[in-house]
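Please examine the structure shown below before reading on. The paragraphs that follow lead through its empty spaces and then turn to its surface.

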Amino acid sequence: MPESRTESVRVRGLTKRYGPVEAVRGVSFDVAEGEIFGLLGPNGAGKTSILECLLGLRRPDSGSVAIGGIDAVALPRLAKERVGAQVQLASLQDRITPRQALGFFASFYREPAPVAGLIARFGLSAKADSPFESLSGGQRQRLYLALAFVNNPRLVVLDEPTAGLDPQARRELHRMISGMRADGLAVLMSTHDMEEARALCDRIGILNEGRIVAAGSPSGLVSRSGAIPRVAVRAARAMTRAQASALAGVVSSSAEGDTWMLGTADVGATITALMRQLERDENPLLDLQIHRPSLEDVFIELTGRPWPAGPEGRP
Amino acid sequence: MSRARVGRGLARHFLLTLALNFRSRQAIVYGYLVPVLFLLAFGGIFRGDTPLLQHEMGQLLTISILGGACFGLPTALVSERERGLWRRYRLLPASMGSLLASTLVARLVLLASAALMQVALARIIYGTPFPLNPAQALVAFLFVAFSFLGLGLLVAALADDVPAVQALGQCLFLPMIMLGGVGVPLTVLPAWAQAIAGFMPGRYAVEALQRCFSDSRGLQGAGFSLVALAVIGAAAGIAGARLFRWDAGRHTGRAAFAWVLAALLAWAAVGVAAAMTGRLEPLGPGGETFESITDEQIARISFDDLPGDNEFATRLAPPFRGADGERMGGFATALRAWAPGRVGDPAQAARNLLSVASNADVTANYREAEIARVVFDLLRERYKREQLVRMLAWIILNPDEGGVVAQAPELGLQRRPPEPIIRDRNSLYARKLLGRLLGKIPD
């Protein structure tokens with residue numbers, strides 16, 4: 001956390017158990033105002049449990065949570081005044097309108113935001129008086145986000161905010177979340193989407209089995225890791241292992257069918273040498289791809305296991 | 001400041017709950033259309049009542065309140081929980097208890113509106129009179145609604161999803177409708193079912209509400225029913241509040257069993273208390289008790305053909321003077337302590353006491369006339385005049401109802417004449433005493 005910024009959230013040694021299962025194991029992190037902090041991890045890593053403890057939905061077994069300096073475990077209602085949240089599995093009544101919902105939830109807070117302003121800000125004007133059941137997925141998500149702002153919070157907590165959205169709605173939501181940082185808010189979000197985390201977050205905490213295994217900026221995490229760029233090359237005639245290993249900068253090589261994967265310490269030098277080699281051998285190049293190290297590589301390196309594939313765990 | 005703000009929020013929650021209820025087609029059907037169908041069905045079934053439905057309004061309103069509280073409330077709560085609305089409420093700086101209370105108050109208003117609609121429609125369609133005492137009817141409604149909303153809250157806490165609400169709700173609804181005196185009138189149920197009904201809140205709900213429609217004394221004498229409703233409602237409500245879950249993913253644990261048991265113990269306690277105070281004595285057909293006897297019914301009772309006090313049947317000594325009374329003192333003391341004469345149902349107690357006079361009369365006991373006089377004196381001593389008048393009229397008009405004591409060796413009445421003869425004499429003695437109370441027979 002940059003020292004010049006005001007700390008909005010401070011979590012220390014947070015632990016949460018569900019029966020014999022320890023979902024969160026001594027997690028600690030801070031989030032500053034004007035910063036987006038992402039909890040990144042596959043399903044079951046403990047992201048939602050951490051956010052729920054912070055929001056007063058669950059009581060932690062041990063550890064402390066302070067929001068704007070207030071002990072959120074001892075004084076949950078006071079802490080809730082300062083937090084705006086968009087959580088998973090929290091829908092609304094079919095017949096309620098966005099205007100009614102915003103007015104109703106705002107009425108519980110000391111400094112409610114004007115409903116008309118929220119409707120305009122989150123692009124809900126056309127549907128402000130329509131029943132919730134008639135809203136599209138993107139409109140609903142914008143309403144949920146607007147509900148997180150009914151109390152003019154300084155901290156916004158977003159649990160998988162773009163889950164299930166189409167690409168356009170997703171881009172729109174990303175723009176809104178980036179805008180929150182520009183407004184000086186502290187944003188704590190969870191995601192299992194590495195690209196989303198890389199694009200949105202100033203800092204990331206990578207979660208695995210209830211623990212934060214690494215934290216830092218996305219680029220810092222990648223550069224600190226031992227992962228190296230890889231060049232994937234496919235030529236008309238397969239190169240020999242000796243030819244591949246001898247290329248400048250190459251530190252590792254492996255064949256995957258017709259394609260050679262070349263781990264390199266110097267992408268430019270390796271590609272230059274590769275092109276010369278193929279020209280010399282009169283071996284036409286069919287395909288060439290450069291794979292930069294990613295957060296997925298960082299996760300694999302830290303946990304020793306691949307990022308879970310599939311619709312919910314896709315990197 | 002903070003309390004006022006949360007109060008504002010809760011007021012909005014209350015109003016929003018009402019507004020959204022009226023926007024839901026399903027809620028309108030179950031909350032208002034179904035009660036109208038029940039009203040029409042009752043109007044078609046109970047055609048003998050005059051004015052129509054006057055003596056069935058207690059049942060009708062109980063069904064509506066029961067349905068709204070045991071199905072409407074938990075269905076709404078569980079469906080809100082399933083869609084994560086209560087999870088969203090949990091994020092608010094307000095307690096779950098206050099939001100739950102606001103939901104219950106909104107449901108109470110909805111129940112009241114459905115009940116008012118039924119009363120108004122009954123008046124319009126069938127000419128059913130309004131409650132004789134509206135204020136007491138409101139009190140009865142509040143007790144009934146409290147009891148059933150408590151049960152509804154417990155159903156909501158136990159049910160994991162809406163289908164489970166239907167299953168649990170039916171476990172409450174159907175037994176009360178069929179055996180609890182709510183759908184099928186108590187008086188046409190067999191004695192065993194009437195006894196079971198004494199353990200169910202439906203019986204007490206019907207009694208409390210019905211009194212406000214057909215008994216000029218209103219809730220006077222309905223204390224037991226009101227307490228029974230309060231006890232059952234409080235036990236269920238506390239259990240429901242303790243087990244209430246805002247999170248659809250969380251299931252009830254083992255503690256639920258203990259809380260459900262505590263709620264059911266309240267039913268058992270009410271039933272046992274009713275049995276111990278003689279309230280579970282079988283009632284006769286007509287759906288009424290002695291308290292529902294009207295002045296018109298009493299006025300129609302004739303005293304013209306009664307046998308004389310010194311004739312063969314139903315002999316009766318003149319009022320005691322001096323030594324006459326002293327001679328019967330031992331018997332009077334024994335009769336005063338005689339258990340069948342002290343059962344909880346006053347009409348049955350009177351019937352039992354009259355049976356003593358009848359037994360002595362039929363068996364030609366050497367003190368038959370004096371025994372009848374002791375019985376008369378004891379009844380007059382034990383009950384207020386107005387109550388005794390209705391009890392005697394009830395016995396005269398319903399000679400075959402209740403039980404009679406055909407033999408009382410503890411009082412020296414060893415012989416056992418046939419029961420029908422005892423009943424016949426009971427009726428005659430009741431008329432003799434009633435005539436004296438009304439001043440139509442000189443004493």
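How many cavities of 30 Å³ or more does a search of the whole structure find? The search finds 2 of them. The model in which they appear is a predicted one. A general idea helps in reading what follows: rolling a probe the size of a water molecule over the atoms shows where empty space is left.

The largest cavity may be considered before the other. It holds about 180 Å³ of space, and 20 residues form its lining. Nearest the centre of the largest cavity lie Val83(A), Ala85(A) and Tyr109(A), together with Leu91(B) and Leu92(B). In chain A, three elements each supply at least two residues of this lining: helix H1 (47–55), helix H2 (76–80) and strand E6 (83–86). By residue type, the lining of the largest cavity divides into 15 nonpolar, 3 polar and 2 charged residues.

The second largest cavity has a volume of about 40 Å³. It is lined by Val233(A), Arg234(A), Ala235(A), Arg237(A), Ala238(A), Met239(A), Asp258(A) and Trp260(A). Strand E11 of chain A, covering residues 230–235, contributes the largest share of this lining, namely 3 residues. Of the residues that line the second largest cavity, 5 are nonpolar and 3 are charged, while no polar residue takes part.

Attention now passes from cavities to pockets. The largest pocket contains about 1,200 Å³ of space and has 44 lining residues. Gln26(B), Ala27(B), Gly72(B), Thr75(B) and Ala76(B) are the lining residues nearest the centre of this pocket. Which helix gives the most to the lining of the largest pocket? That helix is H3(B), with 12 residues. Helix H3 (57–82) is one of several helices of chain B that each supply at least two residues of the lining; helix H1 (2–23), helix H2 (25–45), helix H5 (96–126) and helix H7 (162–178) are also among them. The lining of the largest pocket comprises 21 nonpolar, 16 polar and 7 charged residues.

Finally, the surface of chain B deserves attention. Val29(B), Tyr30(B), Leu33(B), Leu37(B), Leu40(B), Ile124(B) and Ile125(B) make a nonpolar surface patch of about 690 Å². Both H2 and H5 of chain B supply at least two residues of the patch, and H2(B) provides the largest share, 5 residues. Leu37(B), which lies in helix H2 of chain B, may serve as an example. Its relative accessible area is 49%, so Leu37(B) is partly exposed.

Notes: Residues are numbered from 1 along each chain as its sequence is written. Chains are lettered from A and ligands numbered from 1 in the order in which they are written. This is a predicted model: local features need pLDDT of at least 70, side-chain atom pairs count only at pLDDT 80 or more; totals for chains, interfaces and linings use all residues. Side-chain values use heavy atoms; hydrogens and water are left out. On a 1 Å grid over the protein atoms alone, a cavity is a set of points where a 1.4 Å probe fits but cannot get out, and a pocket is an open set with protein on both sides within 12 Å along at least five of seven lines; lining residues have an atom within 4 Å of a point. Grid points are joined across faces, edges and corners, and a volume is the space filled by probe spheres set on the points. Helices (H or I, at least four residues) and strands (E, at least two) are DSSP runs, numbered from the N terminus. Ala, Val, Leu, Ile, Met, Phe, Trp, Tyr, Cys and Pro count as nonpolar, Asp, Glu, Lys and Arg as charged, and the others, Gly among them, as polar. Patches are made of residues with over 30% relative accessible area and no salt bridge: like charges are joined within 9 Å, nonpolar side chains (Val, Leu, Ile, Met, Phe, Trp, Tyr) within 5 Å. Accessible areas come from the Shrake-Rupley method with a 1.4 Å probe; for residues, only the protein chains shown count as cover. A salt bridge is a side-chain nitrogen of Lys or Arg within 4 Å of a carboxyl oxygen of Asp or Glu. Buried means under 20% relative accessible area, exposed over 50%, partly exposed in between (1.4 Å probe, protein chains only).
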